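Thanks for coming. I will walk through one model this morning, and you can follow along on the screen.

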Amino acid sequence: MIRFIPPSHRNVAVLAASLFGLALGEELWQAYIPIYLTALGASGLVVGLFGSLRDLLDSLYQYPGGWLADRVGRRRALLIFTVLALSGYFTYAIARHWSIVLLGLFGVMAWKSGAFPTTFAVIGDSLPRDRRAMAFSVQSILVRVPRVIGAPLGGLLIAGLGIVTGVRIALLVTMALALVVLAVQRYGYRDPAAGQRHDSTSIRAIFAGMPSSLKRLLVADCLARIGEGIATSFIVLFVTGTRHVSAAEYGVLYAVQQAVSIACYLPAGRLTAVTGRRPLVTISFVFFAAFPLVVRLATGYPALMAAFVAGGLKEFGEPARKSLIVDLAPEVQRGRAVGVYYGIRNLLVVPAGIVGGLLWQRAHTLPLEVAAAVGAIGTVVFVVTTRRDSEVV
């Protein structure tokens, strides 16, 4: 049926199928990787190192991913990233020691980060400006619906089969879905301009050409994500260890968080045209700061449920922020401009996981408390620096 869809819409449909299919597989096990690592002998510091390595790769893959999308075309880039991700899933599945999981991360992040600028470029290529915020809302929904489905199923697998066996079975399912996604990309995507998008503009020149409004957004975004990076790997450990919540119960909490995010996206996409971007992005930054703090303060399961609802509201301004980035990126450099933005942001987040691990070693509440403080600073920076910025509207 995909052949009867107009080419630009067909490409968006292939992208949507890729995002949904791989996310559906990954969400079976992704939330439980810190527990998987500890089951394979990792300490809290190693879990923090894993988070920092993930953030480092998230940064380092961004620009090459955008460069590849501009150089060889969107279709070939998607195929390359999916194959690399498949190799990462396989490495995770055969790991007998936590160090092998770290090796597999190099493949897994090829899709999660290397393909990220390509998704922005496909939407920018295929849709007019006034439809992009809604498109990013739909994109985010496609990534997060699998979290609602996958995380509880993964929790049940772990509860029934144990941590190691449950995660490995989930990874086999993910590999099967990745093969289906490869077939859809190979036969469904049409990229007539492949190999004709590239120019010789350097990373420095692309960054210099970014408007000041985008750079100010980047500063605030970096602070918010540094706070998130300090806490991310330790929220699951805090909830399951310190608060004694089971893996299956944590899966429900995680699913609630994603369900709230999903419920936000479409209204947020529509509200962008009414209220402008600034209020929605501000709301997101407020909840980035609040989420780890309310998890820290929650002492019972109902309170944790409320905390994860707050966590879901972090995504309220994401469609507005992403559409702003795409709108300001030059068309022929769109993949690389997105890669530079996210490469810088994610590089600065790299130490956050290690900082979180060191804080965790001192006290299990410290990563959450410090994360909230850093996120609050990011919120203040965004509000103050964009107050009179006419481009962030």
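I will start with how the model was handled, then go through one helix, the salt bridges, the core and a few single residues.

This is a predicted model, in which local features need pLDDT of at least 70 and side-chain atom pairs count only at pLDDT 80 or more, while totals for chains, interfaces and linings use all residues. Residues are numbered from 1 along each chain as its sequence is written, and side-chain values use heavy atoms, with hydrogens and water left out.

Let me begin with helix H15, residues 318-328. Helices here are DSSP runs (H or I, at least four residues; strands are E, at least two), numbered from the N terminus. Is H15 mostly covered or mostly open? Mostly covered: 10 of its 11 residues are buried. Buried means under 20% relative accessible area, exposed means over 50%, and partly exposed is in between, using a 1.4 Å probe and protein chains only. The buried residues of H15 include Glu318, Arg321, Lys322 and Asp327, along with Leu324, Ile325 and Val326. What do they pack against? The partners are helices H7 (116-126), H8 (132-161), H11 (212-242), H12 (247-275), H13 (277-297) and H16 (334-362). Contact, here and later, means heavy atoms within 4.5 Å.

Next, salt bridges. The term means a side-chain nitrogen of Lys or Arg within 4 Å of a carboxyl oxygen of Asp or Glu. The structure holds nine of them. One joins the side chains of Glu26 and Lys112, at 3.5 Å from N to O. This pair links distant parts of the chain: Glu26 is in helix H1 (residues 7-26) and Lys112 is in helix H6 (residues 98-114), 86 residues apart. Glu26 is buried, because its relative accessible area is 3%, whereas Lys112 is partly exposed at 30%.

A second bridge is in H11, between Arg225 and Asp221, at 3.3 Å from N to O. These two are four residues apart in the helix, so about one helical turn separates them. Arg225 counts as buried at 11% relative accessibility, and Asp221 counts as buried at 0%.

A third bridge pairs Glu228 with Lys314, at 3.2 Å from N to O. This pair also links distant parts of the chain, with Glu228 in H11 and Lys314 in the loop between helix H14 (301-312) and H15, 86 residues apart. Glu228 is partly exposed at 22% relative accessibility, while Lys314 is buried at 7%. Salt bridges that share partners join Asp221, Arg225, Glu228, Lys314, Glu318, Arg321 and Arg345 into one network.

Now the nonpolar side. In soluble globular proteins, nonpolar side chains tend to be buried together. A nonpolar core is a set of buried Ala, Val, Leu, Ile, Met, Phe, Trp, Tyr and Cys residues joined through side-chain atoms within 4.5 Å. How many residues does the largest one have? It has 111, and those with the most contacts inside it are Trp29, Tyr89, Tyr92, Ile235, Val239, Tyr250 and Val295. The largest share of this core, 14 residues, comes from H11. Val239 touches His244, Val245, Tyr250, Leu253, Val295, Leu304 and Phe308, not counting residues up to four places away in sequence.

His244 deserves a word of its own. This residue lies in the loop between H11 and H12, and at 68% relative accessibility it counts as exposed. Its phi is near 60°, a positive value in a residue other than glycine. Most residues other than glycine have a negative phi.

Another single residue is Thr118, in helix H7. Thr118 counts as buried, because its relative accessibility is 0%. Leaving aside neighbours within four places in sequence, Thr118 is in contact with Gly65, Ala69, Arg74, Ala77, Leu78 and Phe81.

Last, the cysteines. How many disulfides does the structure hold, counting a pair of cysteine sulfur atoms within 2.5 Å as one? Zero. Cys222 is buried at 6% relative accessibility, and Cys264 is buried at 7%.

That is the end of the walk-through.

Terms used: Disulfide = S-S within 2.5 Å.
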